[in-house]
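Subject: Structure for your review

Dear colleague,

Please find below the structure that I am handing over to you. My notes on what was found in it follow directly after.

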Amino acid sequence: MIKLSDRISRVEPSPTLAITAKAKAMKAEGIDIISFGAGEPDFDTPEPVREAAKASLDKGQTRYTAAAGIPELRAAIARDYARRGREVKANEVIVSSGGKHALYTATQVIFEAGDKVIVPGPYWVSYPAQILLADAEPVFIDCPADQDFKLTPEQLFEALKDPAVRGLILCSPSNPTGAVYTRSELEALGAVLASRPEVVTFYDAMYDELYYEGAIAPDLVACVPALKDSVVTFNGFSKTYAMTGWRLGYAIAPAGVAVAMDTLQSQSTSNSTSFVQYAALAAFALDPSVLTERREAFRRRKDLIVGLLRGIEGVKCTMPLGAFYAFADFSAYIDPTKSGANTFADDMQLTEFLLVEAKVAVVPGSSFGAPGFLRLSYATSDALIEEGVRRIKRALKG
Ligand SMILES: Cc1ncc(COP(=O)(O)O)c(C=O)c1O
């Protein structure tokens, strides 16, 4: 048997993808599953983007490109960031095969053994895994529902007392909670970070255009320009433009980090798919009404699902301000000391029960560092949201 590296034994496969795969397999067997598991919009990629990909193929744009992305796309991304009130140069943009890949590449070029990276929880599942794959150590800080799942300046101040801390990851709007840092909250965190300029902040803004309090969620560097040299920002095409399968994302990094990421990509993945990059140019030229209509649909579904979840006895759910997830507290149904018709040892068992008995797929909060919670993606139709939550309520007799 081939011995695997210690590195890979530190991490487990993404639980979100595992649940989605199990639900898909049950569906393929003909079982009527309603899935709230998916981390992707249910909309199609907008037609002009699909047409641009076809045109690019027909033009023969099928060869290797520069590892950091075609210059036109790097420039277009840089220009697009002006909408967030921020000036970005094309050489600060690194195009990757998805936001996840951009995060992975940045983690590899910045962190190493001995480094600690602060991960406020609930957190997106891949942050701890990627930190461990860089030989660094994630340091979790619990940010409970009564502080809207957000890191406070006091918590950050305490955590930064450890000199081994070299990084911080903020995700806004958040997967899994839908929480969004306001401008003043970012300014307050920025003031604390100013005392440790060598600490690198990863700002994951993958869902910043799926924001319900305005057109676009606040950007950390736009709010705190003094942090420009210590922040790497991540964004992409998957969520905003419903392009999850295309695998295209990017980082905006200080030029030195961008060069290092370019080097790693040139020695690992090379460029993101050529015609996908050309097609992405069309995403920036879309009629803004396409995105507005989709955002309004998500807003309506958010209000619907949160209202229905709050109608289940014992369930609490904060109102998400961005992304497309409801993060609901089901701890009333969890008790490791007793098991009964309506009581489960943990959220994994509850998730399994809902899949088998209610035929509804959700993701357990423990995957995100929040045991007792369930994440429900509302990137699905109103009718399925209504039926799915009704099934959960019936199965729990709530
Ligand atoms: C918070 C967050 N960051 C990054 C990503 C990566 O997205 P992608 O690799 O599809 O661009 C996701 C996708 O689920 C996410 O939820």
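In this predicted model, the C-alpha centres of domain 1 and domain 2 lie 25 Å apart. The domain assignment gives residues 6-44 + 289-396 to domain 1 and residues 61-284 to domain 2. Where the two touch, 31 residues come from domain 1 and 31 residues from domain 2. On the domain 1 side of this contact, α2 (15-28), α12 (288-310) and β10 (325-329) each supply at least two residues. Helix α12 gives the most to that side, with five residues. By residue class, the side of domain 1 that touches domain 2 is made up of 14 nonpolar, eight polar and nine charged residues.

The nonpolar core

In soluble globular proteins, nonpolar side chains tend to be buried together. Here the largest nonpolar core holds 123 residues, and I94, A106, A251, L309, A326 and A328 touch the most other members. Both domain 1 and domain 2 contribute at least three residues to this core. For A106, the contacts beyond four places in sequence are F202, V232, A251, A253, V257 and M261.

Helix α5 and L103

L103 is found in helix α5, which covers residues 99-110. Is L103 buried or exposed? It counts as buried, because 24 C-beta neighbours lie inside 10 Å, and the cut-off for a buried residue is 20 or more. Leaving out residues up to four places away in sequence, L103 touches S126, Q130, F202 and F234. L103 and Y250 are 147 residues apart along the chain, yet their C-alpha atoms are separated by 8.6 Å.

A contrasting case is D80, which lies in helix α4 (residues 71-80). D80 has 14 C-beta neighbours inside 10 Å and therefore counts as partly exposed. The C-alpha atoms of D80 and F373, 293 residues apart along the chain, are separated by 36 Å.

The ligand shell

The ligand is surrounded by 13 residues, of which G98, G99, K100, N175 and S238 are the closest. Three residues of this shell are nonpolar, eight are polar and two are charged.

Two helices with a buried side

In helix α6 (residues 126-133), the buried residues include Y127, P128, Q130 and I131. They cover an arc of only 165° around the axis, so they sit on the same side of α6. Among the elements that cover these buried residues are α5, β3 (116-121), β4 (137-142) and β5 (165-171).

Helix α13 (residues 347-358) can be read in the same manner. Its buried residues include D347, L350, T351, L354, L355 and A358. Seen down the axis of α13, the buried residues fall within an arc of 135°, which means that they line one face of the helix. Just after α13, K359 takes a positive phi of about 60°.

Backbone geometry to note

Most residues other than glycine have a negative phi, and most peptide bonds are trans. The following places depart from that pattern.

- G121 and P122 are joined by a cis peptide bond, with omega about 5°. P122 has its place in the loop between β3 and α6.
- N175 and P176 are also joined by a cis peptide bond, with omega about 25°. P176 is found in the loop between β5 and α8 (183-193). N175 is in addition one of the closest residues to the ligand.
- D135 has a positive phi, near 70°, and is a residue other than glycine. D135 follows α6 and lies in the loop between α6 and β4. With 15 other C-beta atoms within 10 Å, D135 is partly exposed.
- R247, again a residue other than glycine, has a positive phi near 60°. R247 is placed in the loop between β7 (231-236) and β8 (249-252). R247 counts as partly exposed because it has 19 C-beta neighbours inside 10 Å, whereas 20 or more would make a residue buried.

When you look through the structure, which residues of α6 are buried may be a useful starting question: Y127, P128, Q130 and I131 are buried there, and Q130 is also one of the residues that L103 touches.

With kind regards

Definitions and conventions:
Residues numbered from 1 in each chain as written. Predicted model: local features only at pLDDT ≥ 70, side-chain atom pairs only at ≥ 80, totals over all residues. Near = placed C-beta within 6 Å. Nonpolar A, V, L, I, M, F, W, Y, C, P; charged D, E, K, R; others polar. Helix = DSSP H or I, 4+ residues; strand = E, 2+ residues; numbered from the N terminus. Buried ≥ 20, exposed ≤ 12 C-beta atoms within 10 Å, placed from the backbone. Contact = placed C-beta atoms within 7 Å. Core = buried A, V, L, I, M, F, W, Y, C linked by C-beta atoms within 7 Å. Domains from an automatic or database assignment. Arc of directions from axis to C-beta.
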